[in-house]
Amino acid sequence: METRVAIIGIIVENPESVAQINDILHEVRDYVVGRMGIPYRERNISIISVVVDAPEGLINSVSGKLGMLDGVSAKTTYSRLSSND
């Protein structure tokens, strides 16, 4: 199974969506390399970066699910290397 390293950047404008974000990330916990959350109190938002090493389809699915949540934006950046390189 080919995997890719990627960063999923998440901006949370609706704090009520945090539980759903955590549920989605918990489902893929075996692929998560690291996670960092930053509360930006002056703007009343949170910024989360999640590094994953997973199949590309799974990464796209997670990013899509996150981006569909109310008040949540998610974008993904991929490494050029795959697990076959």
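**Entry 1: N14**

I began with N14, whose side chain is joined to that of D70 by a polar contact of 2.6 Å. I note at the outset that this is a predicted model. N14 sits in the loop between β1 and α1, and I looked up whether this loop residue is buried or exposed. With a relative accessibility of 16%, N14 counts as buried, because the cut-off for that class is under 20%. I then listed the contacts of N14 beyond four places in sequence, and found D70 and G71. Closer along the chain, the N14 side chain also reaches the backbone nitrogen of E16, at 3.0 Å.

**Entry 2: T3**

I turned next to T3, which belongs to the segment before β1. Its relative accessible area is 13%, so I have entered T3 as buried. For T3 I recorded a polar contact between side chains, with D53 as the partner and a distance of 2.7 Å.

**Entry 3: salt bridges**

I then asked how many salt bridges the model holds. The count comes to two. As a general point, side chains of opposite charge can pair when their charged atoms come close.

In one of the pairs, E56 is bridged to R4, and I read 3.1 Å between the closest N and O atoms. E56 is in helix α2, which spans residues 56-67, while R4 is in strand β1, residues 4-12, so this pair ties together parts of the chain that are 52 residues apart in sequence. I checked the accessibility of each partner: R4 is buried at 17%, whereas E56, at 36%, counts as partly exposed.

In the other pair, E27 is bridged to K65, with the closest N and O atoms 3.8 Å apart. Here E27 belongs to helix α1 (residues 18-27) and K65 to helix α2, so the bridge ties together parts that are 38 residues apart in sequence. E27 counts as exposed at 55% relative accessibility, and K65 as partly exposed at 38%.

**Entry 4: helix α1 against helix α2**

Since E27 and K65 lie in two helices, I looked up how α1 and α2 pack. Two packed helices are described by the angle between their axes and the distance between the axes. For α1 and α2 the angle is about 170 degrees and the axes are 10 Å apart. An angle over 145 degrees counts as roughly antiparallel, and α1 and α2 are therefore entered as roughly antiparallel to each other. On the α1 side the contact is made by I21, I24, L25 and E27, and on the α2 side by V62, K65 and L66. By class I have five nonpolar residues, two charged ones and no polar ones in this contact. E27 and K65, which form one of the salt bridges, are thus also among the residues listed for the contact between the helices.

**Entry 5: I48**

I moved to I48, in strand β3, and asked which residues it touches beyond four places in sequence. The list for I48 is I8, G9, I10, V12, I21, R35, M36 and G37. Among these, I21 is also named in the contact of α1 with α2. At 11% relative accessibility, I48 counts as buried. I also took a C-alpha separation for I48: the atom lies 6.4 Å from that of I11, although the two residues are 37 residues apart along the chain.

**Entry 6: G37**

G37 appears in the list for I48, so I looked it up from the other side. G37 lies in strand β2, residues 32-40, and, leaving aside neighbours within four places in sequence, it is in contact with I47 and I48. Is G37 buried or exposed? Its relative accessibility of 52% makes it exposed, since that class begins over 50%. I also noted the C-alpha atoms of G37 and E2, which are 35 residues apart along the chain and separated by 28 Å.

**Entry 7: N44**

I closed with N44, in the loop between β2 and β3, the latter strand covering residues 45-54. What I looked up here was the backbone: phi of N44 is near 60 degrees, a positive value in a residue other than glycine. In general, most residues other than glycine have a negative phi. N44 is exposed, its relative accessible area being 61%.

Notes
Residues numbered from 1 in each chain as written. Predicted model: local features only at pLDDT ≥ 70, side-chain atom pairs only at ≥ 80, totals over all residues. Heavy atoms only, no water. Helix = DSSP H or I, 4+ residues; strand = E, 2+ residues; numbered from the N terminus. Buried < 20%, exposed > 50% of the residue type's maximum accessible area, 1.4 Å probe, protein only. Contact = heavy atoms within 4.5 Å. Salt bridge = Lys/Arg side-chain N within 4 Å of Asp/Glu carboxyl O. Axes fitted to C-alpha atoms, helices over the stretch in contact; angles between N-to-C directions. Parallel < 35°, antiparallel > 145°, perpendicular 65-115°, else oblique. Nonpolar A, V, L, I, M, F, W, Y, C, P; charged D, E, K, R; others polar. Polar contact = N/O pair within 3.5 Å; in protein donor to acceptor, adjacent residues only side chain to side chain.
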